[in-house]
Amino acid sequence: MTQEPEKQTNSSPEKRFVQRSLAAVARWSPLGGTSFAFASFLLKQEWVTALALFPVTAVSGVWAAYSKNFTERLSEIYGERGKKDAEGFVENMDQANQFLTEKLNWRSLGFTEKYLKCQEWDCHEDNVVGIREEDDLPVNSPLLREVFVPLELSADSLTRGYEFRDRTECEQLQIWQLLERVREDNRLRQIAIRAWGGYGKSTLLKHLAYIYSRQEYCKGSYRKYQVPTLIPFLLILGGCWKELTKDNPPNLPELLTDYHIGRLTKIKPLDSVPNNWALNIIRRGDALVLFDGFDEVPPAERSKVSTWLSDEMRQYPESVFILTSRPTAYAEDYTARKLTASFWIKDFNPEQRKQFVEQWYIYQERYARPDRYTPDVEAKAKEKAQKLLEQIDARPELKDLAGNALLLNMMARFHRNNKQGAELPQRKVELYQDICELQLGRRASARGVFLVLNSISQRQEVLQFVALEMMCGRAKTIDANDFAPEYFEIEGFKQISETDLLEYIEMSLQRIDPDVSAKEFLKQAEDISELLVKKDGHTHAVYQFAHLSFQEFLAACELVRLRQHGEKLVFECLGISAWQDVILFYAAMINPTKLIQESLRQNHNDLAYLIYKQTEKRLNLSIAEQKALAGVKQSVTNSRYQQLEDYLTTKQWHEADQETYRLMITAVGKDEGLWFSEKDLKEFPCDELLLIDHLWVKHSNGLYGFSVQKEIYVECGGNLDFSYPSEKTWDQFCARTAWKKDGEYVNYPKPFFENDFMNTKGHLPRQLTFMRRRVFGGGAAAAVSSLASRIVNLKP
């Protein structure tokens with residue numbers, strides 16, 4: 001008689017998780033029959049009996065006793081495969097241990113453990129600010145741990161004393177290396193991290209909060225850093241600045257207790273905060289306080305917020321504080337005492353690009369086939385990733401864009417959406433336009449979703465109008481009476497109340513199609529296009545663009561549409577730092593000759609230079625546009641180097657040296673304070689290098705200049721093939737140029753500009769090379785070698 005199959009009940013997600021975890025135990029278990037009894041009771045969800053047989057803590061205890069022989073034997077038999085299997089076993093058991101803790105012991109956990117779980121849940125997803133993927137994308141918000149790529153940092157070149165063990169360590173500096181050093185260098189207890197939009201500032205802080213919340217800082221690949229044990233607190237300044245600008249603002253412990261923990265209780269209710277819990281943690285130096293987005297604070301409130309931040313950091317010098325910001329906001333508006341250490345996020349390098357794109361594609365394919373993640377699926381994902389990477393590597397203009405994490409993410413999403421495999425857009429402005437078209441029409445059409453208005457261009461025109469009206473909220477030259485008072489009480493030009501937003505949409509629709517409802521348009525812009533998003537944490541509905549760069553792009557499009565009126569508005573706003581990216585977008589859509597000339601007339605020489613260099617890379621310039629651009633080249637050059645020539649003419653050598661660094665760092669597309677890489681110097685623009693050298697040689701009567709240093713370098717035995725000089729060659733060069741005295745480097749800057757050093761041939765320029773040496777020994781040697789090798793073939 002055939003036995004009737006036992007009826008299967010639908011297992012819960014928790015039970016399925018335990019089943020998968022226990023499969024690893026059954027496969028590798030060193031625990032004998034007890035483990036199988038433990039498994040049996042677990043699968044029946046007889047928790048108490050299971051724990052009596054095999055307490056959760058026994059996992060780690062038995063493993064500790066067993067691990068040595070297990071890993072040694074695996075190493076002997078399977079080598080690398082054994083290591084991976086052993087690591088996989090540990091990970092499965094850690095997950096099972098964590099799962100049981102969450103399932104069984106939430107009530108018995110202490111307040112700190114519960115807080116850490118809530119902080120973890122608050123930041124465990126990689127919520128990309130920007131573009132929503134198509135509906136067939138398996139995961140819109142991947143887990144942060146699955147796609148995070150470690151970011152490389154660069155020390156601020158204007159801040160001295162960050163000495164690292166070797167050159168490689170400095171060039172590949174990560175946040176964990178800084179945290180490892182806080183015990184020996186108190187300056188690293190206050191870190192400012194700067195980068196422009198899309199470079200991953202917020203993601204980096206979420207990563208830190210996540211790893212510390214899960215207490216993984218002492219496990220796996222993080223164990224090697226030996227960082228201190230800290231409790232993380234991730235605070236978004238864009239959401240809490242109002243708390244800090246009250247007449248009687250809370251102090252830091254009060255902010256963490258009332259605002260931050262109050263917000264986390266929305267995830268899962270927490271018990272009452274123990275008395276002085278936050279205060280004691282901060283006082284002991286056990287806190288890692290992460291302030292994200294100083295630039296998200298309204299400009300008018302930044303000074304007050306910076307004072308609050310500075311005062312609180314000084315009050316608790318033993319804890320660790322990290323602040324992120326866009327460069328201009330931090331440089332201009334952080335008016336209080338700045339943080340004691342400053343670093344920049346570097347562009348993604350080729351390895352980081354490859355890691356991100358592969359992880360992104362693998363994650364999508366993996367979750368698209370949850371029951372069949374086999375080698376062929378991974379191979380398919382890597383094949384798709386490789387096609388994208390080949391496009392990026394083959395086109396310099398895409399390489400430049402792919403250094404930005406957000407733009408690389410956009411490329412991956414665009415590439416995956418494109419079923420026909422067409423090439424990515426050539427320029428940044430084209431990439432943004434294609435993404436807007438995708439969001440405002442193409443994707444909805446493919447899904448059969450009806451959108452109001454007749455065309456993509458009409459929908460974009462409405463958003464363009466809104467974007468420009470919002471940007472004008474920052475323009476000091478625009479009459480504030482043109483805008484509702486409550487508009488300025490939100491977050492300046494980046495956010496807008498629902499009332500004002502609907503009003504602007506209605507104004508635009510009256511011109512395009514009066515029959516369309518503003519509310520319906522807004523709903524579709526939010527739910528389908530997702531170029532507008534509702535901001536959480538406000539009493540009344542507040543909106544912003546998915547990313548500031550989309551607002552800037554759309555505002556530029558509207559300026560182009562407005563023609564002469566748009567041009568006039570641009571001319572009025574040339575001196576407003578918040579408008580720089582809008583103006584660069586605008587310049588990329590027009591013949592920028594007149595814009596360059598007006599920038600020069602208003603003495604915005606650096607902006608004129610940026611526009612010129614951006615236009616120079618365009619491949620679609622007409623003959624007339626090429627001639628017009630050539631016509632302004634000399635004017636741009638003269639204005640850009642006028643200050644350097646003035647300093648040299650009046651023998652202000654120190655100021656001229658500083659200006660040389662500024663001109664050269666901006667010529668390679670970096671901000672002041674950043675370092676030169678060897679690639680920057682090897683590929684430095686020929687005409688600018690020759691011009692700088694000519695000015696130094698001319699006004700010093702042949703005493704200074706890169707070509708003068710080159711001759712000395714060769715005489716000391718240096719080779720002009722970009723190779724690194726020998727120690728003997730370098731010491732001789734430093735002695736000849738008076739860069740060393742009695743075998744020691746001369747500290748810079750010091751009053752040696754007024755003593756005998758100034759009569760030493762080849763002593764200047766020195767700033768850019770000296771700055772490299774301060775971070776790692778020999779950096780100046782690499783700089784001299786690179787510039788000497790570069791200039792030798794450029795002399796007319």
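How much area does the protein chain expose, and what share of it do carbon and sulfur atoms supply?

## Surface and burial

The protein chain of this predicted model exposes about 37,000 Å², with carbon and sulfur atoms supplying 48% of that area; accessible areas come from the Shrake-Rupley method with a 1.4 Å probe, and for residues only the protein chains shown count as cover. Of its 796 residues, 52% count as buried, where buried means under 20% relative accessible area with a 1.4 Å probe, protein chains only.

Local features need pLDDT of at least 70 and side-chain atom pairs pLDDT 80 or more, while totals for chains, interfaces and linings use all residues. Residues are numbered from 1 along each chain as its sequence is written, and side-chain values use heavy atoms, leaving out hydrogens and water.

## Secondary structure and contacts

The protein chain holds 37 helices and 11 strands, taken as DSSP runs numbered from the N terminus (helices H or I, at least four residues; strands E, at least two). Among contacts (heavy atoms within 4.5 Å) with a separation of 6 or more in the protein chain, 70% come from residues 24 or more positions apart.

## The six-stranded sheet

An open sheet of 6 strands follows the order 1-6-2-5-4-3 with mixed pairing, two strands being paired if DSSP finds at least two bridges between them. Strand 1 (153-155) and strand 3 (231-236) are the edge strands, each pairing on one side only, and the twist averages 25 degrees from one strand to the next. Axes are lines fitted to C-alpha atoms, for helices over the stretch in contact, and angles run from 0 to 180 degrees between N-to-C directions.

Strand 2 (residues 190-194) and strand 5 (residues 320-325) run parallel and are joined by 5 bridges; Ile193 has Thr324 in strand 5 as its bridge partner. Helix 14 (residues 302-315) packs on the sheet, touching strand 2, strand 4 (287-292) and strand 5, and its direction makes about 160 degrees with that of strand 5.

Methods:
Buried means under 20% relative accessible area, exposed over 50%, partly exposed in between (1.4 Å probe, protein chains only).
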